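Trainee: I've got a model open and I'd like to test the labels people put on it. Can we go through them one by one?

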2 protein chains.
Amino acid sequence: MSRPLAVVCVSGGMDSSVTAAIAGAEHRLAFLHANYGQRTQARELACFRQLADHFQAEHTLVVDFSGLKAIGGSSLTDESVPVREGEPVEGVVPTSYVPFRNAHLLSAATSWGEVLGAVAIYVGAVWEDSSGYPDCRPEFYRAFEEAIRLGTRPETRIEIRTPVISLTTGEIVRRGVALGVPFDKTWSCYQEQDSACAVCESCRLRLRGFAEAGERDPLPYRAGPGSGA
Amino acid sequence: MSRPLAVVCVSGGMDSSVTAAIAGAEHRLAFLHANYGQRTQARELACFRQLADHFQAEHTLVVDFSGLKAIGGSSLTDESVPVREGEPVEGVVPTSYVPFRNAHLLSAATSWGEVLGAVAIYVGAVWEDSSGYPDCRPEFYRAFEEAIRLGTRPETRIEIRTPVISLTTGEIVRRGVALGVPFDKTWSCYQEQDSACAVCESCRLRLRGFAEAGERDPLPYRAGPGSGA
């Protein structure tokens with residue numbers, strides 16, 4: 001009997017790549033990626049394509065959330081809001097929060113999953129250690145799962161799985177190394193697309209994660225991986 | 001003190017136009033419209049523009065859900081699935097159901113509403129009388145409201161309001177007439193854009209509503225408004 005299908009939201013970052021590896025252990029894979037006018041859109045899409053090849057995804061879909069760019073309200077989609085540098089601050093929603101973005105992603109994953117007959121949606125949200133984005137909270141995913149149950153066909157049964165939500169960035173790196181995740185095909189920097197900046201919130205987290213795990217980050221950094229940590 | 005702002009999801013149909021009139025009694029208005037590759041997209045968008053003028057919306061936003069067209073699974077977005085003619089059948093999800101479409105709409109309304117500082121999202125969903133779409137169920141909206149509460153900034157407070165959800169189509173027409181809704185600037189037909197077909201599920205419902213209300217539908221019908229009822 002063939003394994004059940006799961007839709008995996010793959011941004012091209014580290015967390016979703018490790019999540020994809022975890023999903024692939026149990027499921028056939030449908031990889032979903034979203035462009036939403038973010039600064040590093042081209043690099044993230046290139047990583048998505050490479051990851052879909054690597055994980056042998058049976059289906060891929062790239063959606064454009066052009067509305068999110070028009071709506072703005074985030075340093076990732078509005079060039080007039082600078083990307084914050086340094087470590088995230090506890091209890092403060094970062095300027096890189098794209099308002100309710102993950103709901104757009106889950107909606108697309110659900111629509112696609114309903115048509116494909118998927119049983120699960122995997123999302124690489126991280127809450128405990130890093131993001132500070134309200135749409136990465138575990139309770140948000142439970143509420144959205146209930147909305148899926150009520151808002152789709154009676155025969156549709158789609159769970160949301162967030163296997164790395166409570167891990168530290170260091171644990172995510174270790175898990176990824178154990179699963180053979182090709183970290184050279186991932187991208188985390190919020191502001192640069194060739195060499196990572198090493199100083200934005202996302203680079204800081206990534207570098208901290210590799211340092212904690214005692215692993216080497218294969219990505220090129222503008223000022224060398226040591227300088228930003 | 002200025003009135004609070006509400007985002008109104010305006011498809012250009014009858015239900016959302018009456019909902020907009022209800023919202024306008026209490027709120028300043030931000031009108032949101034979605035193109036999702038539906039057959040009658042151009043006519044619906046034209047109605048949206050006319051309705052935004054009529055109701056003096058302070059803000060308008062048109063978003064493209066290109067992913068929904070790519071995903072398909074509905075007679076509205078997939079030309080190979082015929083539009084069903086005749087009255088909806090109780091307990092059967094219509095072929096015109098666009099998988100989880102209203103979640104995409106609510107996600108866009110929430111992102112925009114969060115940036116604009118809106119206090120409510122109005123949606124013209126109808127459940128009791130007509131649609132049979134799972135994403136028109138009252139419980140779906142309550143679950144999604146909870147997802148909004150949990151998935152947005154702590155200071156964001158956005159309610160979902162569905163003022164016509166329990167009305168019959170006849171009651172919606174009467175309510176619209178009382179509120180001065182310009183029904184000539186609305187569009188309901190699922191398959192034609194110049195003269196309404198009078199036979200698709202949506203035309204049938206609309207004609208039934210006008211008949212029940214004892215009102216004249218100002219729209220042109222291909223075979224005359226009487227023929228389809």
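Mentor: Sure. Start with the packing of helix H7 of chain A: its buried residues pack against helix H1 (14–24) and helix H6 (169–179) of chain A. Keep in mind that this is a predicted model.

Trainee: Which residues of H7(A) are buried?

Mentor: Glu201(A), Ser202(A), Cys203(A), Arg204(A), Leu205(A), Arg206(A), Leu207(A), Gly209(A) and Phe210(A) are. The label takes 20 or more other C-beta atoms within 10 Å of a residue's own.

Trainee: How do you know that H7(A) has close to the expected span?

Mentor: Set the reach against the expectation. H7(A), residues 201–213, has 13 residues and reaches 18 Å from its first C-alpha to its last, and 18 Å is what 1.5 Å a residue predicts. After the helix comes Gly214(A), with a positive phi near 65 degrees.

Trainee: What about helix H4 of chain A, what is its reach against the expected value?

Mentor: H4(A) covers residues 101–116, and its 16 residues reach 23 Å, close to the 22 Å expected. Gly117(A) follows H4(A), and its phi is positive too, near 80 degrees.

Trainee: What makes H4(A) "mostly covered"?

Mentor: A count: 14 of its 16 residues are buried. Take Ala108(A), which is found in that helix. It has 28 C-beta neighbours inside 10 Å, and the cut-off is 20 or more, so Ala108(A) counts as buried.

Trainee: Which residues is Ala108(A) in contact with, beyond its sequence neighbours?

Mentor: Leaving out those within four places in sequence, they are Leu32(A), Ala34(A), Val63(A) and Gly67(B). Contact here takes C-beta atoms within 7 Å. That list includes a residue of chain B, Gly67(B). For a pair further off, look at Ala108(A) and Ile160(A): they are 52 residues apart along the chain, and their C-alpha atoms are separated by 13 Å.

Trainee: How many residues of chain A are in contact with chain B?

Mentor: 36 residues of chain A are in contact with 36 of chain B. Strand S3 (59–64), helix H3 (66–71), H4 and helix H5 (138–151) of chain A are the elements giving two or more residues to that side. H4(A) supplies the largest share, 10 residues. By class, the side has 18 nonpolar, 11 polar and seven charged residues.

Trainee: Why is the relation between chains A and B called a two-fold axis?

Mentor: A rotation of 180 degrees with 0.0 Å of shift along its axis superposes chain A on chain B, at an RMSD of 0.0 Å. That is the relation of a two-fold axis.

Trainee: And how do you know that the copies meet through the same surface?

Mentor: Because 100% of the interface residues of chain A are also interface residues in chain B.

Trainee: Now the odd backbone angles. What makes Gln56(A) and Phe100(A) worth a look?

Mentor: Both have a positive phi without being glycine: about 50 degrees for Gln56(A), near 60 degrees for Phe100(A). Gln56(A) is in the loop between helix H2 (41–54) and S3 of chain A, while Phe100(A) lies in the loop between H3 and H4 of chain A.

Trainee: Is each of them buried or exposed?

Mentor: Gln56(A) has 10 other C-beta atoms within 10 Å; exposed means 12 or fewer, so Gln56(A) is exposed. Phe100(A) has 32 such neighbours, so Phe100(A) counts as buried.

Trainee: Last one, the nonpolar core. Which residues touch the most other members?

Mentor: Val8(A) and Val8(B), in the largest core, which has 144 residues. Beyond four places in sequence, Val8(B) is in contact with Thr19(B), Ala20(B), Ala23(B), Leu29(B), Phe31(B), Leu32(B) and Tyr122(B).

Trainee: Why is strand S1 of chain B called largely enclosed?

Mentor: Four of the five residues of S1(B), residues 5–9, are buried, so the rest of the structure largely encloses it.

Trainee: And what makes S1(B) and strand S2 of chain B a pair?

Mentor: Pairing needs at least two bridges, and five join S1(B) to S2(B), residues 28–35, so they pair; the two run parallel. One of the partnerships is Ala6(B) with Leu29(B). In chain A, five bridges join S1(A) to S2(A), also parallel, and Ala6(A) stands opposite Leu29(A). S2(A) is mostly covered, with six of its eight residues buried.

Methods. Residues numbered from 1 in each chain as written. Chains lettered and ligands numbered in written order. Predicted model: local features only at pLDDT ≥ 70, side-chain atom pairs only at ≥ 80, totals over all residues. Expected span 1.5 Å × (residues − 1). Contact = placed C-beta atoms within 7 Å. Nonpolar A, V, L, I, M, F, W, Y, C, P; charged D, E, K, R; others polar. Least-squares fit on C-alpha atoms with pLDDT ≥ 70 in both. Core = buried A, V, L, I, M, F, W, Y, C linked by C-beta atoms within 7 Å.
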